[in-house]
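Colleague: I am new to reading protein models, and I would like to learn how the words used for them are justified. Could you take me through this one?

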Amino acid sequence: VAWKRKSKSGALFDLDVELYVLKTLIRKAYRLEYINADRLAVWMRHADELGRRIGAWIRHESKQGAGV
């Protein structure tokens with residue numbers, strides 16, 4: 001969605017919120033014993049990588065919007 005929008009910042013912040021929800025569900029799956037500690041570590045590592053990429057994209061779009 002963010003890729004197609006002219007104003008990407010809103011969609012990117014929505015994506016950031018969805019990532020937070022995903023991380024919450026991953027932790028809940030661990031607490032309910034659907035996944036073990038090793039799987040939790042793998043999932044969280046992937047989610048953290050997504051967070052870094054989303055953050056970089058948000059920073060990039062902020063710079064573009066500022067005219068830099």
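Colleague: Let me start with one residue: where is the place of Leu22?

Modeller: Leu22 sits in helix α1. Helices (H or I, at least four residues) and strands (E, at least two) are DSSP runs, numbered from the N terminus. Before we go on, this is a predicted model, in which local features need pLDDT of at least 70 and side-chain atom pairs count only at pLDDT 80 or more, while totals for chains, interfaces and linings use all residues. Residues are numbered from 1 along each chain as its sequence is written, and side-chain values use heavy atoms, leaving out hydrogens and water.

Colleague: Why is Leu22 called partly exposed?

Modeller: Buried means under 20% relative accessible area, exposed means over 50%, and partly exposed is in between (1.4 Å probe, protein chains only). Leu22 has 33% relative accessibility, so it counts as partly exposed.

Colleague: And what makes Glu33 exposed?

Modeller: Its relative accessible area is 69%, and the cut-off for exposed is over 50%. Glu33 is in the loop between α1 and α2. Glu33 also has a positive phi of about 65°, although it is not a glycine.

Colleague: How many helices and strands does the protein chain have?

Modeller: There are two helices and zero strands.

Colleague: Why is the chain called more spread out than a compact globule?

Modeller: The radius of gyration, taken over C-alpha atoms, is set against a globule rule of 2.2 Å times the number of residues to the power 0.38. For 68 residues that rule gives 11 Å, and the chain has 15 Å, well over it, so the chain is more spread out than a compact globule. Along the principal axes, its C-alpha atoms fill a box of roughly 50 × 15 × 15 Å.

Colleague: Which residues make up the largest nonpolar core?

Modeller: The core has twelve residues, among them Ala2, Leu19, Ile26, Met44 and Ile58. Helices α1 (9-31) and α2 (37-65) each supply at least two of its residues. A nonpolar core is a set of buried Ala, Val, Leu, Ile, Met, Phe, Trp, Tyr and Cys residues joined through side-chain atoms within 4.5 Å.

Colleague: What is Ala2 in contact with, leaving aside neighbours within four places in sequence?

Modeller: Ala2 is in contact (heavy atoms within 4.5 Å) with Lys8, Ala11, Leu12 and Trp57.

Colleague: How much of the chain is buried?

Modeller: Buried residues make up 24% of the 68 residues.
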